[in-house]
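Reader: I am new to this structure. Please take a close look at one part for me, starting from a single pair of residues, and then show me what else is worth reading in the model.

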Amino acid sequence: MLTLEDWTAIALTLKLASLTTFILLLIATPLAWHLAQTQGWWKAPLNALVALPLVLPPTVLGFYLLVVLGPKGWVGQSMQALGLETLPFSFTGLLVASVLYSLPFVVQPIQAAFSSLDRRLLEAALTLRAHPLDAFFTVALPLSKQGFLTAIVLGFAHTVGEFGVVLMIGGNISGETRVVSVQLYNHVEAMNYQAAHSLAALLVLFAFSVLLGLYYLNRGK
Amino acid sequence: MVMLTAHFQLKLEAFELQVQLQLPATGISVITGASGAGKSLLLRCIAGLESPQIGYCQFKDELWQDSSRRLFLAVYQRPLGYVFQEACLFPHLTVQQNIAYGRKRVALPQAQAHLELVLALLNIKHLLHRKPAKLSGGEKQRVAIARALAVNPKLLLMDEPLASLDQAHKHEILPYLRRLQQELALPIVYVTHSPREITQLADYLVLMEAGKVLASGALQAVLTRLDLPLAQSQRASSVIQAEVLAYDAEFELLQLKFSGGILSLPHTELAKGNLLRLRIYARDVSLSLQPPRLLEASPSLPAQVLAWVDHSSGYTTLSLQVGHEQLLAQLTRKAATLLGLKLGQTVYAEIKNAAILS
């Protein structure tokens, strides 16, 4: 069955996915709100930029992150100048990569929810003495609950499923960057199919439950 | 006394709002005009929901907006209530929570006793624990009105609040509006294109066309101005104030006295001394040159011809002075010609029907 190494990888994956989802909610909410409201020329390019990780091979994203964050990249050099460790092959680096990689999966459902909001409800809140920010938290957010739930589930699940980006930027360090998908790869490389089966089955079960949950969630709308 | 001074200039793509307006401090001011005249836009400007290029808005002694001084009080800082065309209730909150939403955000909310009165007036006490989705259209709109009043506004703005309702629900709400205004002594600015709502509610009338104010003034004065489209329409009407004089139970006739004479109207009994507003359609007034014979069922009233206008549909609308009131009468152009009317001439007007509005 599952080894200690496997459990470490599972715990790490869950930690990574939770933190990624949390950070993404903080970033995606204002971003999605802006995208849903703005009529500016930058709306289309920004939308395209956010959606980029959907179509790019994860290795491309991982490669550029490695270049930019690495000791010779401009972020890496500035971090070294500040006396900080560079990000590649660290959990933090993996976190940064995951946030970028899963961004569209969190932004898009929230943006869709915000776009379908009835603007007049927000205006009604303003005429009832609510500050715009107050109206956002008491009217826009509760009415977009469905979009947020979808975003959380998709963001979390998609982070659990990442592989290419991890290999490029995180490598294969136990307890630091070795997530479940990489551990599975290791088992297969070592011809340990029995161990691979257990992990793979677990991921299949996880993915199925997530999609089933989403289905029920959207049906309850 | 002026309550609201509003100057706005707002350019949208193919439309320009250009308004200079003063509204009186009391009663219901109705803004009307064809759709696309800019009446809702004007109301949104007053509320601060639009940001016009040039804007000045003063409510009593409070300056809300003056673009020349870069002053702009945001919507949520203006002491007003707003009722939208659709009720716009928050679907995730119950009726009670909807009403509480604004109420808990103001320093001086409507006193509990006052709120109780509003809930009773609007007949929504039994709905408090329901979600908006479980309400009928009329109920939703009544809740929306209560929600706007609960913040204890100094001015109530209503944007076609009855337009989305069917006829039955309109009748359900209209009577409440007058009573609300009277019981709460709250000035109301009300946008509508319905002639019925105008005559029933307005004390002051503003007529808009293509983003500009075409005419404004006391209801009677604007209704009877022959140069305006209101008087030239098939549904032209005038409004008079009358007092209940007596009731004839045998024929179920109400005797009403106004400055021009006495009217009798089939109706249920009303208490003597009651002040009523009557709407008289121009087509329900007929004219003759002969003084009335005695013992006529509805005696004609002496009236002076003030002016008339021929309009395209083969009709002529006349304005008549009857006592202190002005009445409109509509005849076919042929009938008017055969009468051979002259300005200032005395004629006899028979009022064939009148509707009691309040």
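**A pair of strands and beyond**

Author: Start with Lys257(B), whose bridge partner in β14(B) is Ile262(B). The model is a predicted one. That pair belongs to a longer ladder: strand β13 of chain B, residues 253–258, is joined to β14(B) by six bridges. The two strands run antiparallel.

Now widen the view to the sheet. It is open and has five strands, in the order β14-β13-β12-β15-β21 of chain B. The pairing is antiparallel. At the edges stand β14 (261–266) and β21 (355–356) of chain B. Each has a single partner strand, so one side of each has no neighbour in the sheet. As background, strands of a sheet pair through backbone hydrogen bonds, either parallel or antiparallel.

Chain B has another open sheet of five strands, in the order β16-β20-β17-β18-β19. Here too the pairing is antiparallel. Its edge strands are β16 (285–288) and β19 (325–332) of chain B, each paired on one side only. From one strand to the next, the twist averages 45°.

Look inside this sheet at β17 and β18. Strand β17 of chain B covers residues 301–311, and strand β18 of chain B covers residues 315–322. Seven bridges join them, and they run antiparallel. Across the pair, Trp308(B) stands opposite Leu318(B) of β18(B).

Ser319(B) sits in β18 of chain B as well. The C-alpha atoms of Ser319(B) and Trp308(B) are 6.1 Å apart, although eleven residues separate the two along the chain. Is Ser319(B) buried or exposed? Ser319(B) is buried, because its relative accessible area is 5%, under the 20% limit. Its contacts, leaving aside neighbours within four places in sequence, include Gln304(B), Val305(B), Leu306(B) and Ala307(B). Gln326(B), Leu327(B) and Leu328(B) are also among them. So are Thr224(B) and Leu226(B).

Next comes a hairpin in chain B. Strand β10 (residues 204–209) and strand β11 (residues 212–218) are joined by six bridges and run antiparallel. Leu205(B) has Gly217(B) as its bridge partner in β11(B). Two residues lie between β10(B) and β11(B) in this hairpin. In the turn, Ala210(B) has a positive phi of about 50°.

Positive phi turns up in loops too. Asn123(B) is not a glycine, yet its phi is positive, at about 55°. The residue lies in the loop between α3 and α4 of chain B. Asn123(B) is partly exposed, at 38% relative accessible area. In chain A, Met191(A) is not a glycine either, and has a positive phi of about 60°. Met191(A) is in the loop between α10 (180–189) and α11 of chain A. Met191(A) counts as exposed because its relative accessibility is 64%, over the 50% limit.

Follow that loop into α11. Helix α11 of chain A (residues 193–219) meets helix α8 of chain A (residues 145–160). Their axes come within 11 Å and cross at roughly 170°. That crossing makes α8(A) roughly antiparallel to α11(A). On α8(A), the contact residues include Leu149(A), Val153(A), Phe156(A) and Val160(A). On α11(A), they include Leu203(A), Phe206(A), Val210(A) and Asn218(A). By class, eleven residues of this contact are nonpolar, three are polar and none is charged.

Another helix brings the chains together. Helix α2 of chain B spans residues 95–103. Which of its residues are buried? They are Val95(B), Asn98(B), Ile99(B), Tyr101(B), Gly102(B) and Arg103(B). These buried residues pack against α6 (119–127) and α7 (132–143) of chain A. They also pack against α3 (112–121) and α4 (137–149) of chain B.

Last, the cysteines. How many disulfides does the structure hold? Over all chains there are zero. For Cys45(B), the nearest cysteine sulfur belongs to Cys57(B), 9.0 Å away. A disulfide needs the two sulfur atoms within 2.5 Å, so Cys45(B) is in none. Cys45(B) is buried, with a relative accessible area of 0%. Cys88(B) is in no disulfide either; the nearest cysteine sulfur, that of Cys45(B), is 18 Å away. Cys88(B) is buried too, at a relative accessible area of 8%.

Technical notes:
Residues are numbered from 1 along each chain as its sequence is written. Chains are lettered from A and ligands numbered from 1 in the order in which they are written. This is a predicted model: local features need pLDDT of at least 70, side-chain atom pairs count only at pLDDT 80 or more; totals for chains, interfaces and linings use all residues. Side-chain values use heavy atoms; hydrogens and water are left out. Two strands pair if DSSP finds at least two bridges between them. Helices (H or I, at least four residues) and strands (E, at least two) are DSSP runs, numbered from the N terminus. Axes are lines fitted to C-alpha atoms, for helices over the stretch in contact, and angles run from 0 to 180 degrees between N-to-C directions. Angles under 35 degrees count as roughly parallel, over 145 as roughly antiparallel, 65 to 115 as roughly perpendicular and the rest as oblique. Contact means heavy atoms within 4.5 Å. Ala, Val, Leu, Ile, Met, Phe, Trp, Tyr, Cys and Pro count as nonpolar, Asp, Glu, Lys and Arg as charged, and the others, Gly among them, as polar. Buried means under 20% relative accessible area, exposed over 50%, partly exposed in between (1.4 Å probe, protein chains only).
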